[in-house]
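Here are a few friendly notes to read alongside the model. Keep the 3D view open and find each residue as it comes up.

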Amino acid sequence: MLNPQDPEVDGEMKQGHKKFTSLVRPRGVTSALAVATAALGLSSCTIPTFGAFKGATTQGQSTFHLFQGFALASIAVGGVTFLLLFYVMFRFRKKDESIPKQTHSNVPIEIMYTVIPIIIVVILFFFTVRVENKVVAVSPSPNQRVTVTAFQWGWKFYYPATNTTVIASGNTYPQLVLPQGETTTVTLVSKDVVHGFYIPAFNFSRYALPGFTNRFDFNPTTTGTFIGRCSQLCGLYHSEMLFSVKVISPAAFSSWTASQAGKVTA
Ligand SMILES: [Cu+2]
């Protein structure tokens, strides 16, 4: 191990070691952690989307912000790593034919590069659990309920309050209608094999499993029509398992449910 007190460690090495640790510890690492922590705590949309959907539900937006935090944290970690790499490459590059001072291990740096990643993982884990809890939370008293049944090869959306069924048939893809700004609890089941209920704009995907019921909430924030698809290869016509989600105002939703009461539509 490199001991700065060791008389065998020459002046230059001591200096180099000192410089190295002083560069790493206070500035690089602390600021990386600060950036990662701040990034994960941010909910502002001024940060780039990094190619992700912003989320058309409150749950999807939470996921989006978590993703942004992860992206920023990885940029910070990558940036610090490259800075250190280039520092070492230039500071300790071969200058002449002499063999450099041979040393073995550096306990402070080894502790640092073990502890800091653990801290980063703990921070990421903390924010992940917080967002996951939000995304999987199911309201005890939702405004609406809808049962989504996946089958080979289509979807059935059933609204128990009005006994309304929307089902895929022929070459029409079914449309899931949701009210904006209200909580809808989705009960997701499968009639046959494993399907994936995926709405990209909601940043949400969940297995539809035979013999198991999944429940989750959607709180749509924007009106519009969004595409949905099956995200699990479920058989020959898996690619035909398309659907759309139409988010409309609560008033429009009320009149839609009233007009569809008791009906079965495609
Ligand atoms: Cu499927």
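1. Let's begin with a word we will need: two residues are in contact, or touch, if their C-beta atoms, placed from the backbone, lie within 7 Å. With that in hand, look at Q175, which touches V166, F243, S244 and K246, leaving aside residues up to four places away in sequence. Please keep in mind that this is a predicted model.

2. Stay with Q175 for a moment. Its place is in strand 4, which covers residues 175-179. One of its contacts, S244, is 69 residues away in sequence, yet the two C-alpha atoms are 4.7 Å apart in space.

3. Is Q175 buried, exposed or partly exposed? A residue counts as buried with 20 or more other C-beta atoms within 10 Å, and as exposed with 12 or fewer. Q175 has 17 such neighbours, so Q175 is partly exposed.

4. Now zoom out to the whole protein chain. You should find four helices and 11 strands. Of the 266 residues, 24% are buried. Among contacts between residues at least 6 apart in sequence, 72% join residues at least 24 apart.

5. Which residues of the largest nonpolar core touch the most other members? They are V148, W155, L176 and F202, in a core of 30 residues. Several strands supply at least two residues each to this core, including strand 1 (144-151), strand 2 (154-159), strand 4 and strand 10 (242-248). Try selecting W155: leaving out residues up to four places away in sequence, W155 touches V148, A150, A168, P174, M241 and F243.

6. Next, trace the open sheet of six strands, whose order is 8-5-1-2-3-11 with mixed pairing. Its edge strands are strand 8 (214-218) and strand 11 (264-265), each of which pairs on one side only. Within the sheet, strand 1 and strand 2 are antiparallel and share five bridges. As a landmark here, look for T149, which stands opposite K156 in strand 2. As background, strands of a sheet pair through backbone hydrogen bonds, either parallel or antiparallel.

7. Finish with a hairpin. Strand 6 and strand 7 form it, with four residues between them. These two strands run antiparallel and are joined by five bridges. F197 has R206 in strand 7 as its bridge partner. In the turn, check N203, which has a positive phi of about 50 degrees.

Technical notes: Residues numbered from 1 in each chain as written. Predicted model: local features only at pLDDT ≥ 70, side-chain atom pairs only at ≥ 80, totals over all residues. Core = buried A, V, L, I, M, F, W, Y, C linked by C-beta atoms within 7 Å. Pairing = 2+ DSSP bridges.
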